[in-house]
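Welcome! Take a moment to look over the model below, and then let us walk through it together, from the overall layout to a few aromatic rings.

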Amino acid sequence: NSIWVPPSFVSHLSPGFLRGWLGKRPLRTDILGDAAYHSIFASGRVIGQLDAATIRSRKEQLARECSDADAVKKILSLMAALGAAYDEHPLLEPSTAEERGTKKRKID
């Protein structure tokens with residue numbers, strides 16, 4: 001039982017952190033190159049999706065993963081992973097025009 005995450009998540013965050021937060025093993029998208037963003041991985045029938053609903057439903061687990069002595073390091077690594085994900089694939093963006101300030105296409 002795995003979940004798709006952006007390649008930068010696998011590069012910046014430990015598999016244990018991702019599994020503890022998301023409740024599933026992260027797909028090693030970091031070794032897939034451009035194929036990491038292939039449309040086959042956009043189907044929830046193929047692999048678990050890292051989407052807004054997943055993130056909202058796992059906020060307690062994220063808080064637990066960030067509550068140890070390495071909390072600051074983990075939070076900074078998560079921020080770096082998020083920033084790198086947007087740099088790698090700019091179409092990964094907030095879902096509403098108000099959140100992003102523009103009317104660009106959204107990927108779900």
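Let us begin with a pair of residues: Phe17 and Trp21 are both buried. Keep them in mind while we step back to the whole chain, and remember that this is a predicted model.

The protein is built from six helices and two strands. Following the sequence from its start, you meet these elements in the order β-α-α-β-α-α-α-α. The protein has 108 residues, and 34% of them are buried. Its exposed surface comes to about 7,000 Å², with carbon and sulfur atoms supplying 56% of that area. The chain also makes contacts over long stretches of sequence: of the contacts between residues at least 6 apart, 53% join residues at least 24 apart.

Now to the inside. In soluble globular proteins, nonpolar side chains tend to be buried together. Here, the largest nonpolar core has 14 residues, and those with the most contacts inside it are Val5, Phe9, Leu13, Leu18, Trp21 and Leu22. Three helices each supply at least two residues of this core: H1 (7-12), H2 (15-22) and H5 (71-88). H2 gives the most, with four residues. Val5 is a good place to see how parts of the chain meet: beyond its neighbours within four places in sequence, Val5 is in contact with Val10, Leu22, Pro26, Leu27, Thr29 and Leu50.

Next, the aromatic rings. The whole structure holds three aromatic pairs. How are the rings of Phe9 and Trp21 arranged? Their centres are 6.4 Å apart and their planes meet at 20 degrees, so the pair is stacked, the cut-off for stacking being under 30 degrees. This pair links distant parts of the chain, since Phe9 lies in helix H1 and Trp21 in helix H2, twelve residues apart. Phe9 has a relative accessibility of 3%, so this residue counts as buried. Trp21 is buried too, with a relative accessible area of 3%.

Trp21 also pairs with Phe17. The ring centres of Phe17 and Trp21 are 6.2 Å apart, and because their planes are at 50 degrees, the pair is tilted. These two residues are four apart in helix H2, which means that about one helical turn separates them. Taken together, Phe9, Phe17 and Trp21 form one aromatic cluster.

Definitions and conventions: Residues are numbered from 1 along each chain as its sequence is written. This is a predicted model: local features need pLDDT of at least 70, side-chain atom pairs count only at pLDDT 80 or more; totals for chains, interfaces and linings use all residues. Side-chain values use heavy atoms; hydrogens and water are left out. Buried means under 20% relative accessible area, exposed over 50%, partly exposed in between (1.4 Å probe, protein chains only). Contact means heavy atoms within 4.5 Å. Accessible areas come from the Shrake-Rupley method with a 1.4 Å probe; for residues, only the protein chains shown count as cover. A nonpolar core is a set of buried Ala, Val, Leu, Ile, Met, Phe, Trp, Tyr and Cys residues joined through side-chain atoms within 4.5 Å. Rings of Phe, Tyr and Trp (its six-membered ring) pair if their centres lie within 6.5 Å; planes under 30 degrees apart count as stacked, over 60 as edge-to-face and the rest as tilted.
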